[in-house]
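Work through the following exercises with the sequence and the coordinates side by side, and try each task before reading its solution.

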Amino acid sequence: VNAKIKKAHGMKLPYMAVVGPKELENDSVMLRVRGQEQQISVKVDAFIEAITDSITQRVFQLPLSQTE
């Protein structure tokens, strides 16, 4: 996983969605935003909706908040 994260960082991707066992259990993704140290856990449906809206509106900031 670390190698994939390093590769994505080197490609300068704006977002990385990391899915591990805990995320699978909670139906969520761990979202890493380029340029920010903080990672947030987001429900899959909310992430898909936010990224789709971001692409449609050509806005590169996702309006997401951490799930509990």
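The exercises below concern a predicted model, and each task is followed by a worked solution.

**Exercise 1.** Determine the strand order of the sheet and identify its edge strands.

*Solution.* Begin with the pairing: three strands form an open sheet in the order 1-2-3, and the pairing is antiparallel. Next, look for strands that pair on one side only, which gives strand 1 and strand 3 as the edges. From one strand to the next, the twist averages 35°. Finally, examine the contact between strand 2 and strand 3, which is made by five bridges, and note that Val29 has Val42 of strand 3 as its bridge partner.

**Exercise 2.** Establish on which side or sides of helix 3 its buried residues lie, and what covers them.

*Solution.* Helix 3 comprises residues 44-57, and a cut-off of under 20% relative accessible area selects Phe47, Ala50 and Ser54 as its buried residues. Because these residues span an arc of only 70° around the axis, they fall on the same side of helix 3. The face turned away from that side carries the exposed residues Asp45, Glu49, Ile55 and Thr56. The cover over the buried residues includes strand 1, strand 2 and strand 3, and helix 3 packs on the sheet with its direction at about 100° to that of strand 3.

**Exercise 3.** List the residues of the largest nonpolar core and find the strands that each supply at least two of them.

*Solution.* The core consists of six residues, namely Tyr15, Val29, Leu31, Ile40, Val42 and Phe47. Comparing these with the strand boundaries shows that strand 2 (28-33) and strand 3 (39-43) each supply at least two.

Technical notes. Residues are numbered from 1 along each chain as its sequence is written. This is a predicted model: local features need pLDDT of at least 70, side-chain atom pairs count only at pLDDT 80 or more; totals for chains, interfaces and linings use all residues. Side-chain values use heavy atoms; hydrogens and water are left out. A nonpolar core is a set of buried Ala, Val, Leu, Ile, Met, Phe, Trp, Tyr and Cys residues joined through side-chain atoms within 4.5 Å. Buried means under 20% relative accessible area, exposed over 50%, partly exposed in between (1.4 Å probe, protein chains only). Helices (H or I, at least four residues) and strands (E, at least two) are DSSP runs, numbered from the N terminus. The expected span of a helix is 1.5 Å times one less than its number of residues. The arc is that of the directions from the helix axis to the C-beta atoms. Contact means heavy atoms within 4.5 Å. Two strands pair if DSSP finds at least two bridges between them. Axes are lines fitted to C-alpha atoms, for helices over the stretch in contact, and angles run from 0 to 180 degrees between N-to-C directions.
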